[in-house]
Amino acid sequence: FVTGKLKATELAHAVWRSIVQKGDTVVDATCGNGNDTLAMLKMVAGERVQGCVYGLDIQESAIESTSSFLKTAVDGHEMELVKLFPICHSRMEEIVPKNSPARLVAFNLGYLPGGDKTIITVPTTTELALQAASRIVCSGGLISVLVYIGHPGGRDELSVVESFASSLPIDTWVSSKFEMLNRPIAPVLILLHKKLSSSCEATQF
Ligand code: SAM
């Protein structure tokens, strides 16, 4: 881990790195300031294969913040691999092409740090977005959901995410939860791994 601390975001990135390959299509469902978008871009951008990062945020200002941040951190070629949309993540199927299923759909729920704390992910659209994510993620792919529980409504949102995770059929999905037992309000990481189809099981982790 980069900081030497086991932080939920770094744990999430480490899991993503074990699944995402160069050339993949991935979706950042909550761009915010672009930190996760950058991490995902570095995972998919290759010299010989071009990946694609779709980034969504309900706030135009977050999309602008992500775009400015990426321009300081990547070259023009990598920048071309990122497509940003100021829309609700429940609409992700409108932008991700059907012939290009996602290896990773990542959610970092809550509000934008340093931004308007009243613009926040809410259970209704989060649930719709999880349903959409489950339809666009490829076999062997991952839905990663980081849920903050320290603010009002955070635990309700966790409850919706956990219900969704628990409802996924066990023949196709592995649902897991990581929480810090000695930090009760630390963010909770929910990982939903879509199993490889049986013909590919030899390579499944
Ligand atoms: N991943 C970000 C980063 O690395 O900086 C942080 C994301 S921040 C915790 C949560 C973001 O979700 C906010 O920017 C907020 O605007 C966005 N958001 C809230 N509701 C949304 C929705 N329905 N669809 C998409 N984004 C939403």
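In this predicted model, the lining of the largest cavity draws its largest share, four residues, from α1. The largest cavity holds about 60 Å³ of space, and the structure has one cavity of 30 Å³ or more. Its lining is made up of Thr9, Ala12, His13, Trp16, Asp36, Ala106, Phe107, Asn108, Ser144, Leu146 and Leu189. The elements that contribute two or more residues to this lining are α1 (8–19), β4 (102–108) and β5 (137–147). By class, the lining of the largest cavity divides into six nonpolar residues, four polar residues and one charged residue.

The largest pocket contains about 830 Å³ of space, and of the 41 residues that line the largest pocket, Asn108, Leu109, Tyr111, Pro113 and Tyr148 are the closest to its centre. Asn108 is thus named for the pocket and is also one of the residues lining the largest cavity. Helices α1 and α2 each supply at least two residues of the pocket lining, with the largest share, three residues, coming from α1. Sorted by class, the lining of the largest pocket has 22 nonpolar, 15 polar and four charged residues.

The helix pairs can be considered next. Two packed helices are described by the angle between their axes and the distance between the axes. The table sets out these values for three pairs.

| Helix pair | Angle between axes | Axis distance |
|---|---|---|
| α1 and α2 | roughly 25° | within 10 Å |
| α2 and α3 | about 45° | 9 Å |
| α5 and α6 | roughly 25° | within 9 Å |

For α1 and α2, the axes cross at roughly 25°, and the two helices are therefore roughly parallel to each other. The crossing of α1 and α2 is right-handed, and the contact is made by His13, Trp16 and Arg17 of α1 together with Asp36, Ala39, Met40 and Met43 of α2. By class, this contact of α1 with α2 comprises four nonpolar residues, one polar residue and two charged residues. His13, Trp16 and Asp36, which take part in the contact between α1 and α2, are also among the residues that line the largest cavity.

Helix α2 (residues 35–44) also packs against helix α3 (residues 60–73), at an angle of about 45° and with the axes 9 Å apart, which means that α2 is oblique to α3. In passing α3, helix α2 makes a right-handed crossing. On the α2 side the contact is made by Asn35, Thr37, Leu38 and Lys42, and on the α3 side by Thr66, Phe69, Leu70 and Ala73. The residues in the contact of α2 with α3 fall into four nonpolar, three polar and one charged. Helix α2 thus meets α1 through residues including Asp36 and Ala39, while Thr37 and Leu38 are among the residues of α2 in contact with α3.

The remaining pair in the table consists of helix α5 (residues 123–136) and helix α6 (residues 154–167), whose axes come within 9 Å and cross at roughly 25°; α5 is therefore roughly parallel to α6. The crossing of α5 and α6 is right-handed. In the contact between these helices, Pro123, Thr126, Glu127, Leu130, Gln131 and Ser134 of α5 meet Asp156, Glu157, Val160, Val161 and Phe164 of α6. Classified in the usual manner, the contact of α5 with α6 contains five nonpolar, three polar and three charged residues.

Terms used: Residues are numbered from 1 along each chain as its sequence is written. This is a predicted model: local features need pLDDT of at least 70, side-chain atom pairs count only at pLDDT 80 or more; totals for chains, interfaces and linings use all residues. Side-chain values use heavy atoms; hydrogens and water are left out. Axes are lines fitted to C-alpha atoms, for helices over the stretch in contact, and angles run from 0 to 180 degrees between N-to-C directions. Angles under 35 degrees count as roughly parallel, over 145 as roughly antiparallel, 65 to 115 as roughly perpendicular and the rest as oblique. A crossing is left-handed if the near helix is turned anticlockwise from the far one by less than a right angle, and right-handed if clockwise. Contact means heavy atoms within 4.5 Å. Ala, Val, Leu, Ile, Met, Phe, Trp, Tyr, Cys and Pro count as nonpolar, Asp, Glu, Lys and Arg as charged, and the others, Gly among them, as polar. On a 1 Å grid over the protein atoms alone, a cavity is a set of points where a 1.4 Å probe fits but cannot get out, and a pocket is an open set with protein on both sides within 12 Å along at least five of seven lines; lining residues have an atom within 4 Å of a point. Grid points are joined across faces, edges and corners, and a volume is the space filled by probe spheres set on the points.
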